[in-house]
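Me: I would like a close look at one part of this protein, namely its salt bridges and what lies around them. Please take me through the residues and elements concerned, and then go on to the pockets and the surface.

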Amino acid sequence: MSTTTTRTTTDPRQPAGSERAARRGAIGLGVVLVAQLMLVLDATVVNVALPHIQTDLGFTPAGLSWVLNAYTLAFGGLLLLGGRLGDVLGRLRSFEIGLAIFTVASLLGGLATSPTWLIASRTLQGVGAALAAPSVLALVTTSAPNEAARNRGLALFTAVSSAGASIGLLLGGALTDFVSWHWTLFVNVPIGAVVLVLARRFVTETPRIRGRFDVVGAVTATLGSVAVVHGFISAADRGWTAPLTLASFVVGVALIALFVRTESRVPAPLLPLALVRNRTRGGALVLMALVVGAQFSTFFLVTQYLQLVLGFSPVATGAAFLPLSLAIFATSRVSARLVAKVGPRPMLLVGTLGLTASFVWLSSITTTSTYAAHLLGALVLNGVSAALVFMPVTVVVLGGVDRAQAGTVSGLLQTAQQLGGAIGLAAIVSVYASQAVPGRFVPGVEPAFLTSAAFTLVALLVAALVLRPRPAQPLAAPAESTREPVAVAAGDAAEVG
């Protein structure tokens with residue numbers, strides 16, 4: 001380091017070199033953020049096109065949920081493995097491999113002519129996203145030439161991630177309305193190709209870390225989740241006592257049990273079980289999974305209701321979700337200060353209660369309901385309440401984490417979001433499909449949203465009972481100097497410990 005410092009102060013050519021490095025870093029940061037936006041968009045851009053996809057490819061009401069779940073299951077199930085691959089192979093290489101897979105899968109998905117083809121492509125997209133996404137944040141920091149640029153990069157990363165869902169809904173609506181639903185997938189191809197070309201030129205590789213891969217853990221976690229989700233979907237189509245339904249649940253539980261056993265024995269587990277044995281952290285992860293699972297129903301069901309019942313165009317449907325997104329964004333601006341003032345637990349109680357109320361409100365929609373009178377208020381309440389949950393959950397999960405484990409715990413939080421969303425959506429859609437009437441969308445809506453309300457009500461109980469204060473055993477880290485400052489007001493998480 002001393003040699004570098006001497007050169008910086010004595011070499012007359014350094015200013016020009018610094019300028020070039022800053023320009024290269026800025027371009028590299030932009031390239032990585034475009035990729036992050038693309039990955040975030042893909043979680044919502046297809047939502048608005050679901051009615052058109054169902055009509056064109058002949059999906060059943062329950063089977064349609066696989067268009068979303070195939071992506072989220074592969075993404076969530078392989079996310080921890082993707083992070084480990086980035087450590088061992090290098091973040092840039094893992095990012096490039098994942099993005100290449102994602103881009104090719106997007107092309108294949110856009111060409112799909114059958115449900116099986118589309119689901120397989122969406123699964124491959126999830127695999128690519130799982131390899132690329134964990135490396136994005138690391139590359140954001142390494143692309144910055146100095147601390148100020150790094151802080152700007154982190155702020156832009158947060159903004160891109162927050163805005164991605166809203167942009168995805170609007171973009172998906174515009175592409176579906178004016179071109180075709182196929183372009184909700186095709187749009188990734190030119191963007192991905194450009195990012196791949198520029199990444200190699202402007203993004204710097206990170207050092208590699210030697211280690212082993214927990215392949216058995218990744219496979220059992222992913223296949224176990226897929227089997228459980230398949231059980232819920234099968235229940236809607238065949239009944240809860242059908243042999244295929246029961247077999248799916250049995251296989252899923254067995255694989256998840258094997259995953260837990262594997263993680264307790266392998267030398268380099270994807271999931272160090274000690275991290276989830278902590279009552280507070282484990283409860284917060286369960287709460288997050290329940291809330292995201294319930295939230296998925298909002299996008300899945302309301303998107304179809306707006307188009308099939310209220311007659312909204314895809315573009316209007318995307319715009320109809322803007323109040324929800326703006327409510328999340330506006331509330332997120334003050335949630336960090338609220339955590340510092342009142343602690344995570346009160347916010348979680350209020351947020352989960354508000355979400356429960358919003359789902360009960362949405363369960364009352366009928367064929368004569370209107371957007372302004374019956375949906376707008378519920379969507380705004382949903383957005384405000386969700387923002388009150390997401391920030392404090394992050395604080396609780398990441399609070400008191402050693403620097404060496406911060407990346408693992410962050411990946412664990414993302415995994416809980418993805419798998420919780422997939423399994424929750426499968427359960428809620430199963431309830432919807434069991435009550436659905438062919439040719440009519442509304443009959444299954446009430447029990448489906450009440451199931452979402454039940455999810456968030458359980459999350460409320462988790463916040464009230466599992467995350468209750470325990471003054472004798474605060475959530476503490478070994479030493480202040482070893483804490484990873486990855487969570488805002490992480491110390492305040494002690495209140496719920």
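Reply: What follows starts with the salt bridges and moves outward from there.

The model is a predicted one, and the values below were computed from its atoms. A search through the whole structure turns up two salt bridges. In one of them Arg122 pairs with Asp42, and the closest N and O atoms are 2.7 Å apart. Arg122 belongs to helix 6, whereas Asp42 sits in the loop between helix 2 and helix 3 (50-57), so this pair ties together parts that are 80 residues apart in sequence. Arg122 and Asp42 are both buried.

The other bridge joins the side chains of Arg200 and Glu96, with an N to O distance of 2.4 Å. Here Arg200 comes from helix 9 and Glu96 from helix 5, so the parts tied together by the pair are 104 residues apart in sequence. Glu96 counts as buried because its relative accessible area is 13%, which falls under the 20% cut-off. As a general point, side chains of opposite charge can pair when their charged atoms come close.

Asp42 also leads to an enclosed space, since it appears in the lining of the largest cavity together with Met38, Leu41, Val45, Leu171, Val187, Asn188 and Ile191. The search finds one cavity of 30 Å³ or more, and the space in the largest cavity comes to about 40 Å³. Helix 2 (14-41) and helix 9 (188-202) each supply at least two residues of this lining. By residue class, the lining of the largest cavity divides into six nonpolar, one polar and one charged.

Helix 5 and helix 6, met above through Glu96 and Arg122, come up again at the surface. A nonpolar patch is formed there by Val104, Leu107, Leu108, Leu111, Trp117 and Leu124, which together have about 470 Å² of accessible area. Helix 5 (91-110) and helix 6 (115-142) are the elements that give two or more residues to this patch, and the largest share, three residues, comes from helix 5. Trp117, one of the patch residues, lies in helix 6. Trp117 is classed as partly exposed because its relative accessible area is 34%, a value between the cut-offs of 20% and 50%.

Elsewhere there is an open space to consider, the second largest pocket, with a volume of about 700 Å³. This pocket is lined by 27 residues, and those nearest its centre are Ala289, Thr415, Ala416, Leu419 and Gly420. Two or more lining residues come from each of helix 4 (66-89), helix 10 (215-238), helix 11 (243-263), helix 13 (279-308) and helix 18 (406-435). Of these, helix 18 gives the most, with seven residues. The lining of the second largest pocket holds 18 nonpolar residues, nine polar ones and no charged ones, whereas one charged residue is counted in the lining of the largest cavity.

One further contact concerns Val458, which is found in helix 19 (residues 445-466). The C-alpha atoms of Val458 and Leu290 are separated by 7.8 Å, although the two residues are 168 residues apart along the chain. Val458 counts as partly exposed because its relative accessibility is 39%.

To return to the part you asked about, the two salt bridges are Arg122 with Asp42 and Arg200 with Glu96, and Asp42 is also one of the residues that line the largest cavity.

Conventions:
Residues are numbered from 1 along each chain as its sequence is written. This is a predicted model: local features need pLDDT of at least 70, side-chain atom pairs count only at pLDDT 80 or more; totals for chains, interfaces and linings use all residues. Side-chain values use heavy atoms; hydrogens and water are left out. Patches are made of residues with over 30% relative accessible area and no salt bridge: like charges are joined within 9 Å, nonpolar side chains (Val, Leu, Ile, Met, Phe, Trp, Tyr) within 5 Å. Accessible areas come from the Shrake-Rupley method with a 1.4 Å probe; for residues, only the protein chains shown count as cover. A salt bridge is a side-chain nitrogen of Lys or Arg within 4 Å of a carboxyl oxygen of Asp or Glu. Helices (H or I, at least four residues) and strands (E, at least two) are DSSP runs, numbered from the N terminus. Buried means under 20% relative accessible area, exposed over 50%, partly exposed in between (1.4 Å probe, protein chains only). On a 1 Å grid over the protein atoms alone, a cavity is a set of points where a 1.4 Å probe fits but cannot get out, and a pocket is an open set with protein on both sides within 12 Å along at least five of seven lines; lining residues have an atom within 4 Å of a point. Grid points are joined across faces, edges and corners, and a volume is the space filled by probe spheres set on the points. Ala, Val, Leu, Ile, Met, Phe, Trp, Tyr, Cys and Pro count as nonpolar, Asp, Glu, Lys and Arg as charged, and the others, Gly among them, as polar.
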